Amino acid sequence: MLLGIIIVIIGFSCLLENLGISINWGILVSLLLILSCFYLILRDKKITFWSIILFIIGMWNLLLNLNVVTLEFSGILWPILLVLTGISIIFNKLKLKNIRRNEKENKTLVFNGIFSGCVEKIINEDVQEIKVRAIFGGVELDLTNLKITENLNIHVYSIFGGVDLLLSDDYNIVVSSTSIFGGVENKHNSKEEKNKKNININIINIFGGTDLK
């Protein structure tokens, strides 16, 4: 689909050129790179390393063609790649990826997907709080078999990442969210009933996304 859209845009631009309407190809290519970045994010429902690189290249070339910056992108490409690689190594050394921690005293579960993916299924655990952090990575939690005796609070932080929560119909789902260049897609269709326990989901997305299913 993306390839088709790009071909249509390029073909239409060529038509305008042949009709005597000037096209700034530098700006057009930059916008196509940025469009490709957002397409990958929407398709994969998370922000990946390559989508970040596409966005940086596209945005920098756009600013260059608009004369906002004067430094060629090749001058910042390798430093950016080195910084991102270094951050990835640091997080790996700190063992912050694919973490599942059970704090039994306060009935808290913590899941981190940092520069990688974390997939977990929770079965028959009585918890009061779940913390989910997806930073340049993804977390998928299957909560369909979760059993709780009290209301549950779930805190989701998605920063350049994606989170999928599979939820049970046995509970009321209450969602509050704040998104900056991100979004929440709620596909869960359970009906609110007074005799059900609540699962309260607080979501913060920054260049990230969260899906409730």
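## Salt bridges

A salt bridge is a side-chain nitrogen of Lys or Arg within 4 Å of a carboxyl oxygen of Asp or Glu. The structure, a predicted model, holds two such pairs. In one of them, K213 is joined to D164, with 3.9 Å between the closest N and O atoms. This pair links distant parts of the chain, 49 residues apart: K213 belongs to the segment after strand 11 (209–212), and D164 belongs to strand 7 (residues 162–166). Helices (H or I, at least four residues) and strands (E, at least two) are DSSP runs, numbered from the N terminus. Between the C-alpha atoms of K213 and D164 the distance in space is 7.5 Å.

The two partners differ in their cover, for which three classes are used: buried means under 20% relative accessible area, exposed over 50%, and partly exposed in between (1.4 Å probe, protein chains only). D164 counts as buried, at 17% relative accessibility, whereas K213 is partly exposed, with a relative accessible area of 37%. The other salt bridge is formed by the side chains of K187 and E185, at 3.8 Å from N to O. Here K187 counts as partly exposed at 38% relative accessibility, and E185 likewise counts as partly exposed at 38%.

## Basis of the model

Residues are numbered from 1 along each chain as its sequence is written, and side-chain values use heavy atoms, with hydrogens and water left out. Because the model is predicted, local features need pLDDT of at least 70 and side-chain atom pairs count only at pLDDT 80 or more, while totals for chains, interfaces and linings use all residues.

## Surroundings of K213 and D164

Contact means heavy atoms within 4.5 Å. Leaving aside neighbours within four places in sequence, K213 is in contact with D164, L165, L166, L167, K187 and H188. K187, which appears in that list, is also the lysine of the salt bridge with E185. With the same exclusion of neighbours within four places, D164 is in contact with V139, E140, L141, D211 and K213.

Strand 7, where D164 is found, is mostly covered, four of its five residues being buried. Strands pair if DSSP finds at least two bridges between them. Strand 7 runs parallel to strand 5, to which five bridges join it; D164 is the bridge partner of E140 in this pairing. Four bridges join strand 7 to strand 11, and these strands also run parallel. One of the residue pairs here is G162 with G209, the latter in strand 11.

## Parallel pairing of strands 4, 6 and 10

Strand 4 and strand 6 run parallel and are joined by seven bridges. Among the partners in this pairing are E129 and N153, with N153 in strand 6. Strand 6 is in turn joined to strand 10 by eight bridges, again in parallel. In that pairing, L152 has I199 of strand 10 as its bridge partner.

## Nonpolar core

A nonpolar core is a set of buried Ala, Val, Leu, Ile, Met, Phe, Trp, Tyr and Cys residues joined through side-chain atoms within 4.5 Å. The largest such core has 25 residues, and I130, I154, L165 and I201 have the most contacts inside it. At least two core residues are supplied by each of strand 2, strand 3 (117–123), strand 4 (129–135), strand 5 (138–145), strand 6 (152–159), strand 7 and strand 10 (198–206).

I201 is in contact with I154, V156, L165, L167, I173, V174, V175, S176 and L212, leaving aside its neighbours within four places in sequence. Two of these residues, I154 and L165, are themselves among those with the most contacts inside the core.

## A buried polar residue

N112 is found in strand 2 (residues 108–114) and counts as buried, at 4% relative accessibility. The side chain of N112 is joined to that of R133 by a polar contact of 3.1 Å. A polar contact is a pair of N or O atoms within 3.5 Å; within protein, one must be able to donate a hydrogen and the other to accept it, and residues adjacent in sequence count only if both atoms are side-chain atoms.

## Overall composition

The protein has four helices and 11 strands. Of its 213 residues, 36% count as buried. Residues 24 or more positions apart account for 53% of the contacts with a separation of 6 or more. The protein exposes about 12300 Å², of which carbon and sulfur atoms supply 61%; accessible areas come from the Shrake-Rupley method with a 1.4 Å probe, and for residues only the protein chains shown count as cover.
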